[in-house]
Each structure stands twice: as structure tokens, then as C-alpha cells.
Amino acid sequence: MYSTIAFGSLLIAASNALAFPQSASVAVVAASTSSAAPAASSSGAVSATGYGDNSVTVILSNQAIELGSQTTFKNVNSAKSKPPVGSSGPFQTIEINVGDDVANKDLRCSAFDANGVALIARRGANTDTTFSDADKGEWTFLGDVEVAQITCDPAFVAVAAGSYDIRVTLSDGNLATQTVLSGVVRNIQPPVGSSGPYNSVEISVGPLVDPALRCKVKNNANRAIVATRGENVDTTFSDADKGAWAFTKSSLVKNIVCNPDFVAAPHDYQTMAANPTANEPQWHTLDFFTDDDVDSAITIFNANRRFHIIASQRKLGNDTKVGKDYYKLVRNAQARSAEEDPRKGSPADGLSSDSGINVAEGDEERVLGSDADNNSEEHVGIESAEDALKCWMVSPLADPEHGLLSAKSNVQTVEQFYNCPTTFCELTASEDGQDIEAIELKATPELQKRMEGLLPKALLPKYLTNSLTAPWFRSSELDVLDYSDRPVGTPYHPCRVQHKESKEVYFLKVVDNEQQQPIKRELSILHQIEQAGLRQKMNVPRVTGLVAFDNTEPTPTGRKKIMGILLTDIPGPTPLTLLLDESVEQERREKWAKEAERITDVLHEHEIIWGDAKADNFMVDRADNLWIIDFGGSYTEGWVDPELNETEEGDEMGTAKIINALKDPVANVARPDEDGSAHCQASKSQGGSKRKRGLSEGGDDRQTDKRSRIRRDG
């Protein structure tokens, strides 16, 4: 894709993203800025750049290691090149500052590595190998890079829009949706609009994207979907100008993942992919922690049963292979956690997470078995250093020969999910220290109490108990239809349920034990909306029921603990965040913008504060109607200023940003590389929990031991 810069012959050949002149007139200027005499301003003072306002300054920086370089070019009327002053990196960002007296304000510069490859960087929605000033700040490289040369050239132009994009089209034969992803870095996005079901996928890459780049499509269980094209059977799909891939069966789609590291499946895997086994155990995280003493515990759900697994350095040993592996995994996960902004998602700060603007993926379904042990991270959903530790801890239970996890699962009630049997295990090293083993523990009162602490419960205030008219339901009356682990950091939980007798379907919003106030506020606000008759003026979920565990007894004063509330099941919901895209018709976006403003105004006319105003808290249903959700309060950084938390001004600020993003998504939406969209079956995050996020998501390699096994003790 890239050709080489011939520094010795003073010729520079750019990547095919550059309009780079191929002539000897492009000279490499070897002298550093220190060899030039600084120019004085009209007042006699020396400018900061040393050249006055007719200069172009290129700033390279790496905040993580406090490294920077500033290289200045004077009178860039033709192509000029220099090595960066002081250091070649590694750098993370590049910024171009064009002086006031430079006539060409659109002048662009490029950075090259030692092999002459033009380095790619991103700024907002733009991806390019030539970088401008435009008073928009710095560009971010795709990773830490070494810079051998900087070239500024009036002939450089920005690449055409979409040149670095991948367009993934999902179709059911009649309707289709197209999702745009980045073609230069690993990228995860949910499908735009509906989650399906779909029966085919087609990949189309921009002119500057490697045509061999491949993408995966993941179903609602977060498993890679198998598809065929001609004689090829695979779970990663390329363009190659050969048309669409056909799914082996129609499927709902949760996420699309494109990654330059994906490769076509080997022949033996194609055979396996065409006949995927139904015997791979699947598990989900309910609770997890690790501490400074290098002790960890994870509680998982598998096939209608809980497993609580304990790991400690003392038990695994300091000098054993598994002890060293464990120590490395724990410290890696803790280091990644420390790198995060500690304010993100912190309940102490009243922050809420966001699914479409600035989040990462949360827990995913894990698949562990003999094949999974040899496959890459994407086959098992490893998305972070924390996930690597979790999978390592669970691996002895998932061993297909000796493990305890099962591949079988039955439809269950909400009661059965939360009050299922629990197996307690502790990890230890084998006699030779090479393998992980799991010892079954007896259920002590302390361990049982820990499991009881996972049950969601909140005692309603008297004023709510006396005012609410919604009926009570026992958790055993509700069959679970769908589960979710969204928003980020939320334990795996039922989110969509059906009443056994009436067959009515509801959205189940579960109490968050760490923050019980939001669900109480939501009940109060939704009651006010009902009393004021506002459901006739806007689309807003109704409280259709209060849910309690079967063994819940009223207090002496008649108050009762709830485990969750039942809300209107919005038909085919999609978070508005996912529709802030120029590919969505402008007419639809303008309609939603007007409706968002109208709904907020109606609430304020009745002295009702929405709280946590953001695009995630609007849903678009199957008929294109806008619904407002989540009255739990709080705020989300970037949408509402902290000092305006739960005020009319805060609502207006968040709504204004929503409207701007709908009217001009290109200018007002900055999407992350990986989208951790909060949803249950494609997007049912009705409200979402204000929960502290887990450890940082990153790209750590998974470590498992195929020889791990289970051992029962007493």
C-alpha cells in the first residue's frame, strides 16, 4: 500500500493517500531549527517559534512520557522536509500551527517513519496522512509512533471523505442497513438502526483501505456469525469485490467488528465453522473484584447455576508458573484500571456512562473450550486486561473433559436466575506448578452471605408505597426472554420478561444495589408524568408493575422491598446515539430534533426535571417514533456540566447538544473506536444504571492453560 521515501536521492514517494510530488525539487532539509537565526518581531522581540508569523510549526508530543518536539518551517512556498527536532519519539499526537502571516491557511504537513511510510492520524471524524491546522487542535496517531521526517507541502490535500472507511451492509433480502467503521484501526460498532434479524453481510472498503481487511459480525449472544461465499466458510468477511456473504442462519446482530489483524480462517477451521458445536460452555460475569493483596474473586452465571471462584497469590504460589501468570494478569488489569479517568462512571461524582459517544465495551459472553484455547481474542470476546484475568480464572471450570460448566441452558424465571444454586471453588496450582486446578469449597455462611449480597433489593419510601398504583408481581411469575450486561460495568441480568399467564412482555429494570436512589427517583418522576396525563403528549414508558422476590415479606409498617420494576416494552428500540450519523436521512434526524426539544419543553412546563439528558436516553422505535427514557437523574460528562446536574438548565444543555448532533452529526459527534452501546437485544437500555465502571478495556492477550482441570476436595 505504501512506497518508500528515498532520503538519499532527495526524492519522497508518499503513500497513495498523498498528492506528493515525485521530483527532485522536493529537497530534504537536513538542518535543524537550531542552525537558523531566530527572526525578530517588529517590536524587536524574538517570537516563540523563532520565525515570526510566516512560519509553520509542527508539534509532536507524548503526554504519557512527557516527551515533545517542536519543528518549525519558514516560508513554506514549496515542499520542505526536516527530521523532528530533539527526538524521533515515540509520539502519540501531531499538531500543526500555521502563523498569522501564512497566506495558505489550509497548508498541510505529513509525518513519515524510518521506512518512508506516511503515518496515519485521526482528528474527530477525519482520518488522513496529511494534517492541517484549521484551529481544531491536535491529530492522534493510531498508536505510539517513531517519526523520522516531517514534510510540509502546499500541494498536499486532504483525502476524500470515506477513503479510510469500511461500509458494512446487513440485509434480510428486503430491508438493509449500512454501518460505517474505520478501516485503519480495530473498530466495534452496533448496526445502525435495527438489530435485524439479517441473513447476509457485504463489506465495502474505501480506496485507501487494505482490500484484504476483514470484519466479523456478532450475534446477540456475542458469538461470531458464520457465513458463506462461494466455497468459503468463515467468521471473518472481506470485500474482494465478490459480493455478499450469506449467513448460515438468520440472526440478530449485536456488534460489527473490523480489525486489520483479522485473517481468513484456516481450512480446518472452515469445517468447524460450518458445523459449530453446541457443546461450548458460555458464561457471564455477575461480580468481580481484585485487591492490592493480589486476591481476586469472580462470580459467573452458567446454565442456570452460579459459580464463585476465588484466587490468591498465597494459594497459587509465588514461584510456580501459574502463580507468576496470575500475578502478571492481576497487575496488568490493575494498571489498565489506573490509566482510566477515575471520574468516568463514578457514582461518587454522580456520573452516568454513555453508550455512543465515549464508552468501551463491557463484559461480553465468554466461550471457553478446546478450540477457543487456540483462537485469537475475538473468538472468545477478550476485550480487556480484566477480561484476560477473568477468563484465566474460569478456564479450569470450562475444560471440556474435567470442567463443571455446562453448554445446556433452559428458559428460566427471574426467581430462578437470582436464586439459583451456587458452586464455590478456589484456584490452586498443580503439584508441578504448571497447571491451574479448582478445588470445590463447602458453602460457608460467609460465602452464602456474599451471594445474598448480589440480589437486587431496595426498600421503597412510604410516599411511593402509598402513591403507586402499579400491581405487584412475584419474580417466579416472569419468564426471562433476554439478558443484558449493559451499560458498561453492569452485572449480567434479565432485561426483558414475559408474564407466565398473560403472556404480556415487559422491560425489567433491575435495582442497582450500589445506587438505589435512581430507581426511586424514576418511579417518582414516572408517577408525576402519569398523574399529569403527559403520556398522551409524549412517548414515555409506563410503570406496569413492581417486582419482588418470592420470599419477600413486608416490613411491620407495610413497606416492601422491590428487586426491579416493569416498564413498557418499546417495540424495536434503537438508542438515538446510534442514529447520530450522516447516513441517516436528514428528514428523520430533523423530525427527532424537533420532537426532542418539544418533549423537554413539555416536562419543564410541568416542573419536571429529566436529569441525565443525553442521546442515549432517547429511543427510536420500530415505527420511527421518539421515546424519552431514564428519569433516574445524575449526568453524563460531555452532555451536561456537573454544576447543572438535575436542573432545567442541565436538561436544556443536553437537549441542545442532541439537537446539534442530529442536525449536523459530522461536526458535532466524535465517536470512539470501540462502541460499548448500552442495549438489551440490540438496544434496550431503558435508563441504564449509574454504576462505577469496571477495570479498563484494552487489547490484552488472553492467557489460558489447556491442561487445566477440576479437582474436588471433600
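Glutamate 595 and arginine 598 form a salt bridge in this predicted model, with 2.8 Å between the closest N and O atoms. The two residues stand three positions apart in helix H9, so about one helical turn separates them. Arginine 598 has a relative accessibility of 33% and counts as partly exposed, because the partly exposed class runs between the buried limit of 20% and the exposed limit of 50%.

Helix H9 spans residues 586-605 and is a useful element from which to read the surrounding region. One feature to which H9 contributes is a negative surface patch, made up of Glu597, Asp601, Glu605, Glu649 and Glu652. Two helices, H9 and H10 (648-663), each provide at least two residues of the patch. H9 gives the most, with three residues. On the other helix, glutamate 649 belongs to H10. Its relative accessible area is 47%, so glutamate 649 is partly exposed.

H9 also takes part in the interior. The largest nonpolar core has 49 residues, and those touching the most other members are Leu523, Ile529, Leu546, Leu576, Phe618, Ile628 and Phe631. At least two residues of this core come from each of helix H8 (517-531), strand E31 (543-548), strand E33 (564-568), H9, strand E35 (618-620), strand E36 (626-628) and H10. The largest share, six residues, is supplied by H9. Helices H9 and H10 therefore appear in both descriptions: each supplies at least two residues of the negative patch, and each supplies at least two residues of the core.

The remaining charged contacts can be read against the whole chain. How many salt bridges does a search of the whole structure find? The search gives 16. Some of them are joined in a network that links Glu585, Arg588, Lys591 and Asp624.

Another salt bridge pairs aspartate 630 with lysine 509, at an N to O distance of 3.9 Å. This pair connects distant parts of the chain, 121 residues apart: aspartate 630 sits in the loop between E36 and H10, while lysine 509 sits in strand E30 (residues 505-510). Are the two partners buried or exposed? Aspartate 630 has a relative accessibility of 1% and so counts as buried. Lysine 509, at 11%, also counts as buried, because the class takes in values under 20%.

A salt bridge within one helix occurs in H3, which covers residues 321-339. Here lysine 321 is paired with aspartate 325, and the closest N and O atoms are 2.9 Å apart. Both residues lie in H3 with a spacing of four residues, about one turn of the helix. Lysine 321 is partly exposed, its relative accessible area being 35%.

Helix H3 also holds asparagine 332. This residue is partly exposed, with a relative accessible area of 23%. The C-alpha atom of asparagine 332 is 8.0 Å from that of glutamate 386, and the two residues are 54 residues apart along the chain.

A second C-alpha pair involves aspartate 479, in strand E28 (residues 478-484). Aspartate 479 is buried, with a relative accessible area of 15%. Its C-alpha atom is separated by 6.3 Å from that of histidine 499, a residue 20 positions away along the chain.

Some backbone details complete the account. Most residues other than glycine have a negative phi, and most peptide bonds are trans. Where does the chain contain a cis peptide bond? The bond from glycine 89 to proline 90 is cis, and its omega is near 15°. Proline 90 is located in the loop between strand E4 (80-82) and strand E5 (91-98).

Positive phi values occur at asparagine 304 and at lysine 503. Asparagine 304 has a phi of about 65°, although this residue is not a glycine. The loop that contains asparagine 304 runs between strand E21 (295-302) and strand E22 (305-312). Lysine 503 likewise has a positive phi of about 65° and is not a glycine. Lysine 503 is placed in the loop between strand E29 (493-499) and E30, and E30 is the strand that holds lysine 509, the salt-bridge partner of aspartate 630.

How values were computed. Residues numbered from 1 in each chain as written. Predicted model: local features only at pLDDT ≥ 70, side-chain atom pairs only at ≥ 80, totals over all residues. Heavy atoms only, no water. Patch = residues over 30% accessible without salt bridge, like charges linked within 9 Å, V, L, I, M, F, W, Y side chains within 5 Å. Areas by Shrake-Rupley, 256 points an atom, 1.4 Å probe, with all protein chains shown as cover. Salt bridge = Lys/Arg side-chain N within 4 Å of Asp/Glu carboxyl O. Lys, Arg positive; Asp, Glu negative; His and termini not counted. Charge placed at Lys NZ, Arg CZ, Asp CG, Glu CD. Buried < 20%, exposed > 50% of the residue type's maximum accessible area, 1.4 Å probe, protein only. Core = buried A, V, L, I, M, F, W, Y, C linked by side-chain atoms within 4.5 Å.
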